[in-house]
Amino acid sequence: GTQVAPRSSANIYWDSTSSNVFLVVKNMPKLSSDQQYQLWALIDGKPKDLGVFDATNDKVILKMKNTQKAQAFAITIEQKGGSPSPTLQKMQSLGKIIQTQ
């Protein structure tokens with residue numbers, strides 16, 4: 001979570017070999033019908049859109065857009081359908097990459 005949403009949480013599973021990205025929503029509040037959450041990969045300080053999702057997908061594994069690179073992942077609240085750039089004031093979650101083998 002972030003200061004704006006300290007209880008928000010999700011797990012991102014990224015296979016850097018295949019570029020596949022999967023999201024498991026754990027604790028994200030339900031949004032109004034005109035909003036969606038949007039997942040971002042942060043690459044060299046720049047955000048890359050990895051798709052939108054709804055909080056109704058709690059505890060379900062979602063396949064998001066692929067990415068070959070990422071130093072971190074972030075989730076923001078955007079207008080339904082997503083945004084070309086993140087609304088940082090509405091960042092719900094931010095996490096740096098933890099390498100596992």
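**View 1. Pairing of E6 and E7 in the predicted model.** In this predicted model, strand E6 pairs with strand E7 (residues 91-96) in the antiparallel sense, and 5 bridges connect them. One of the residues to look for is Ala74, whose bridge partner in E7 is Leu94. Strand E6 covers residues 72-79. Because 7 of its 8 residues are buried, E6 is largely enclosed by the rest of the structure.

**View 2. Pairing of E3 and E6.** Strand E3 (residues 35-43) also pairs with E6; the sense is antiparallel and there are 8 bridges. Leu42 has Ala72 as its bridge partner in E6.

**View 3. Surroundings of Gln38.** Gln38 lies in strand E3. With a relative accessible area of 1%, against a limit of under 20% for the term, Gln38 is buried. Leaving aside residues up to four places away in sequence, Gln38 touches Asp49, Gly51, Val52, Phe53, Ala74, Ile75, Thr76, Glu78, Gly82 and Ser83. With Asp49, the side chain of Gln38 also forms a polar contact of 2.8 Å.

**View 4. The salt bridge between Lys65 and Asp49.** The structure holds 1 salt bridge. Its side chains are those of Lys65 and Asp49, with an N to O distance of 2.6 Å. The pair links distant parts of the chain, 16 residues apart: Asp49 belongs to strand E4 (residues 46-53), and Lys65 to the loop between strand E5 (61-64) and strand E6 (72-79). Asp49 counts as partly exposed, at 25% relative accessibility. Lys65 likewise counts as partly exposed, at 45%. The side chain of Asp49 is also joined to that of Gln38 by the polar contact of View 3.

**View 5. The two faces of E5 and its pairing with E2.** Side chains alternate along E5. Leu62 and Met64 point to one face and are buried, whereas Ile61 and Lys63 point to the other and are not. Strand E2 (residues 21-27) and E5 run antiparallel and are joined by 4 bridges. Val24 has Ile61 as its bridge partner in E5.

**View 6. A nonpolar surface patch that includes Ile61.** Tyr13, Phe22 and Ile61 make a nonpolar surface patch of about 310 Å². Ile61 is placed in strand E5. Ile61 counts as exposed because its relative accessibility is 61%, and the limit for that term is over 50%. On E5, the Ile61 side chain points to the face opposite that of the buried Leu62 and Met64.

How values were computed
Residues are numbered from 1 along each chain as its sequence is written. This is a predicted model: local features need pLDDT of at least 70, side-chain atom pairs count only at pLDDT 80 or more; totals for chains, interfaces and linings use all residues. Side-chain values use heavy atoms; hydrogens and water are left out. A salt bridge is a side-chain nitrogen of Lys or Arg within 4 Å of a carboxyl oxygen of Asp or Glu. Buried means under 20% relative accessible area, exposed over 50%, partly exposed in between (1.4 Å probe, protein chains only). Two strands pair if DSSP finds at least two bridges between them. Patches are made of residues with over 30% relative accessible area and no salt bridge: like charges are joined within 9 Å, nonpolar side chains (Val, Leu, Ile, Met, Phe, Trp, Tyr) within 5 Å. Accessible areas come from the Shrake-Rupley method with a 1.4 Å probe; for residues, only the protein chains shown count as cover. A polar contact is a pair of N or O atoms within 3.5 Å; within protein, one must be able to donate a hydrogen and the other to accept it, and residues adjacent in sequence count only if both atoms are side-chain atoms. Contact means heavy atoms within 4.5 Å.
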